[in-house]
Amino acid sequence: MSPPATAPTTAMVLAAGLGTRMRPLTDTTPKALVTVAGRTLIDRVLDKLVEAGVTKAVVNVHHFADQMEAHLATRTDLEILISDERAELLDSGGGIQHARAKLGEDPIFVANIDSLWLERGTPALEALKAAWNPERMDILLLLVRRGNGLGFEGPNGFFMDDQGRLTHSTEAEPATPYANVGFGILKPQVLDGSPTAGPFSILPVWKRLQAEGRLHGAVMDAFWMHVGDPGARAAAEARLEA
């Protein structure tokens with residue numbers, strides 16, 4: 001039996017988006033600095049990562065980037081490096097690729113800033129770390145079961161086999177049982193065949209790894225909340241303050 005894989009201590013936090021669905025809250029502030037029950041989205045995500053053992057986070061910035069940099073400078077519990085996307089939004093794959101020199105070559109956590117959850121049972125990121133096996137997988141996505149969260153809309157989602165391998169689907173039927181919550185573990189080398197500059201999505205990388213059997217999933221026990229618009233923010237606040 002292989003020894004347990006070393007858990008990542010570096011994270012890429014994708015925080016550069018315009019947050020158009022969160023307007024009017026994002027007319028004067030970046031989405032990452034929108035508060036939910038008194039704490040910003042970016043701080044809630046960084047708190048989870050620190051609890052999971054992360055000591056360095058690379059955060060990309062674009063929309064109201066100066067506000068983001070000033071806010072992140074107040075965190076003293078981990079090293080934070082800025083990946084500057086002021087010139088151009090680079091999408092998920094391009095954003096990670098742009099930050100490669102800061103991230104290093106060891107596996108990393110990747111985190112979106114609009115995903116919150118209420119822990120139940122095994123903490124979600126501990127379950128993700130326990131499932132990580134770099135011999136069998138190149139990306140491991142944190143998933144939530146349909147019906148165990150807020151914001152699982154539309155057909156996009158995943159099927160998972162008994163080995164944890166994922167198949168991504170956008171079809172309405174049959175309904176996918178799992179959704180990606182926007183957190184995962186990734187080997188930076190999966191981007192080696194992708195463009196070296198400019199915007200691009202991570203989705204083609206998912207599809208390639210899916211075909212190779214190297215895209216895997218781990219299912220959280222937690223209740224997940226996708227905070228994508230003001231209504232979802234209000235619903236999340238109600239849950240957090242209950």
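Q: In this predicted model, where buried means under 20% relative accessible area, what makes W117 count as buried?
A: A residue is called buried when its relative accessible area is under 20%, and because W117 has 5% relative accessibility, W117 counts as buried.

Q: Is F183 buried or exposed, and how do you know that?
A: The same cut-off of under 20% applies, and since F183 is at 3% relative accessibility, F183 counts as buried.

Q: Why is the aromatic pair of W117 and F183 called edge-to-face?
A: Ring centres must lie within 6.5 Å for a pair, and planes over 60 degrees apart count as edge-to-face; W117 and F183 are 4.9 Å apart centre to centre with 80° between the planes, so the pair meets both conditions. W117 lies in strand β7 and F183 in strand β12 (residues 178–186), so the pair ties together parts that are 66 residues apart in sequence.

Q: What makes β7 and β9 stand at the edges of the sheet?
A: The open sheet of three strands has the order β7-β14-β9, with mixed pairing. β7 (115–118) and β9 (149–150) each have a single partner strand, so one side of each is left without a neighbour in the sheet.

Q: How do you know that β9 pairs with β14?
A: Pairing requires at least two bridges, and because two bridges join β9 to β14 (residues 223–226), the requirement is met, the two strands running parallel. M225 in β14 is the bridge partner of L150.

Q: What makes R239 a charge over the ring of F223?
A: For an Arg, CZ must be within 6 Å of the ring centre and within 35 degrees of the ring normal; R239 lies over the face of F223 at 4.0 Å from the ring centre, so the distance condition is satisfied.

Terms used. Residues are numbered from 1 along each chain as its sequence is written. This is a predicted model: local features need pLDDT of at least 70, side-chain atom pairs count only at pLDDT 80 or more; totals for chains, interfaces and linings use all residues. Side-chain values use heavy atoms; hydrogens and water are left out. Helices (H or I, at least four residues) and strands (E, at least two) are DSSP runs, numbered from the N terminus. Rings of Phe, Tyr and Trp (its six-membered ring) pair if their centres lie within 6.5 Å; planes under 30 degrees apart count as stacked, over 60 as edge-to-face and the rest as tilted. Buried means under 20% relative accessible area, exposed over 50%, partly exposed in between (1.4 Å probe, protein chains only).
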